[in-house]
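Let's take a look inside a protein and ask where its atoms pack together and where they leave gaps. Keep the structure open while you read.

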Amino acid sequence: MSRIRGPDHRLNPYRDDLAAAHLRGEVKAARFVEGVDRRVILPNLALLREPEPAAPMDTQLLFGETFRVYEEKNGWAWGQAALDDYVGYVDAKGLGARVVNPTHTLAALRSFIYPKADLKTRPATPLSMNAKLKVTGAKGNFSEIEGGGFVFTAHLAPIGAHVRDFVSVAEEFTGVPYLWGGRDSLGLDCSGLVQMSLERAGISSLRDTDMQEATLGEPLPEPIDFTSLRRGDLVFWRGHVGIMLDAERMIHANAHHMQVAVERLDIAMSRIARSDAGHVTSIKRFT
């Protein structure tokens with residue numbers, strides 16, 4: 001898919017003092033370096049705007065995802081997520097020394113890594129949908145994974161096996177709390193819900209709402225005919241996005257309900273019009 005062009009710091013790893021080698025000639029920096037790929041080894045890993053524990057969280061990385069590190073300093077790794085190119089700082093302790101090529105992804109909303117192939121063993125490490133794992137063997141109803149531990153086999157899907165209806169995936173998140181920058185089953189935001197749902201359907205998506213509006217689907221002609229909407233249409237406002245369930249209802253992670261909720265589009269539009277997000281800016285459709 002196409003990428004947003006230009007020196008967007010969210011998608012291009014460069015600072016005044018340091019930049020990725022592939023940006024040489026495109027940006028100015030004191031030095032350019034090649035990145036080193038590392039693997040996320042925690043259930044989720046916050047990607048922050050600054051190397052400070054209280055810094056804003058722009059997104060999350062999930063277990064097994066790849067993060068390309070350009071600098072490691074004072075316990076922080078600065079780099080770029082392989083999934084969607086997002087740039088930021090992560091706690092270096094959340095990264096493993098090497099990348100493991102995954103064979104499976106977690107297809108269930110949530111599951112666990114057990115120390116043994118026994119559901120009664122503990123401690124169990126939680127995993128969220130779209131976590132990446134390499135299966136190395138099987139024992140009963142469980143799959144053994146690279147790095148140790150067992151996951152319930154029925155909760156896994158081979159890499160490349162996708163669902164047809166991404167909207168049904170979004171519906172699985174109903175009731176999950178709203179979390180700015182979140183993209184897992186414990187909490188996520190509006191664009192995180194879109195990205196996570198599309199990934200299960202094999203559709204790549206950038207992370208933020210403006211990026212998604214610029215790159216996903218095809219716009220419906222203006223003036224928009226709100227009576228012709230259908231399942232899977234993406235409704236965009238300034239800084240917000242929802243997914244149509246049918247011609248009238250939308251699902252979205254939102255700060256009004258503080259969770260993933262289903263509501264009528266006309267009710268949501270009336271409320272959102274009174275906020276900073278204003279009126280609908282576009283509706284995008286997958287053809």
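## Sealed-off spaces

Before we start, keep in mind that this is a predicted model. How many cavities of 30 Å³ or more does the structure hold? There are two.

The largest cavity contains about 60 Å³ of space. Around it you'll find R39, F63, G64, V100, N101, P102, K132, L133, K134, I145 and E146. Sort that lining by class and you get five nonpolar, two polar and four charged residues.

The second largest cavity comes in at about 40 Å³. Its lining is made of T59, Q60, L61, E65, A81, L83, D84, Y86 and R183. Strand β5, residues 57–62, gives the largest share of that lining, with three residues. Here the split is four nonpolar, two polar and three charged.

## Open pockets

Now for the pockets. The largest one has a volume of about 550 Å³, and 28 residues line it. Want to find its centre? Look for Y178, W180, C190, G239 and H240, the lining residues that lie nearest to it. The elements that each give two or more residues to this lining are α2, α3 (209–215), β23 and α4 (265–272). By class, the lining has nine nonpolar, nine polar and 10 charged residues.

The second largest pocket holds about 470 Å³ of space. Of the 25 residues that line this pocket, E65, L83, K132, I159 and E199 lie nearest its centre. Which element gives the largest share of this lining? That's α2, with three residues. The lining divides into nine nonpolar, 11 polar and five charged residues.

Some names turn up twice: E65 and L83 line the second largest cavity and also sit among the residues nearest the centre of the second largest pocket. K132 is on that central list too, and it helps line the largest cavity.

## Packed cores

Let's switch from gaps to packing. The largest nonpolar core has 25 residues, and F173, L193, L234, I243 and V260 are the ones with the most contacts inside it. Two or more residues each come from α1 (166–172), α2 (190–200), β21 (234–237), β22 (240–244) and β23 (249–254). The largest share, five residues, comes from α2.

Zoom in on V260 for a close-up. Leaving aside residues up to four places away in sequence, V260 touches A170, F173, T174, G175, V176, L188, L193, I251, H252 and A253.

There's also a second, separate core of 17 residues, including A20, F32, V33 and L48.

Definitions and conventions: Residues are numbered from 1 along each chain as its sequence is written. This is a predicted model: local features need pLDDT of at least 70, side-chain atom pairs count only at pLDDT 80 or more; totals for chains, interfaces and linings use all residues. Side-chain values use heavy atoms; hydrogens and water are left out. A nonpolar core is a set of buried Ala, Val, Leu, Ile, Met, Phe, Trp, Tyr and Cys residues joined through side-chain atoms within 4.5 Å. Buried means under 20% relative accessible area, exposed over 50%, partly exposed in between (1.4 Å probe, protein chains only). Helices (H or I, at least four residues) and strands (E, at least two) are DSSP runs, numbered from the N terminus. Contact means heavy atoms within 4.5 Å. On a 1 Å grid over the protein atoms alone, a cavity is a set of points where a 1.4 Å probe fits but cannot get out, and a pocket is an open set with protein on both sides within 12 Å along at least five of seven lines; lining residues have an atom within 4 Å of a point. Grid points are joined across faces, edges and corners, and a volume is the space filled by probe spheres set on the points. Ala, Val, Leu, Ile, Met, Phe, Trp, Tyr, Cys and Pro count as nonpolar, Asp, Glu, Lys and Arg as charged, and the others, Gly among them, as polar.
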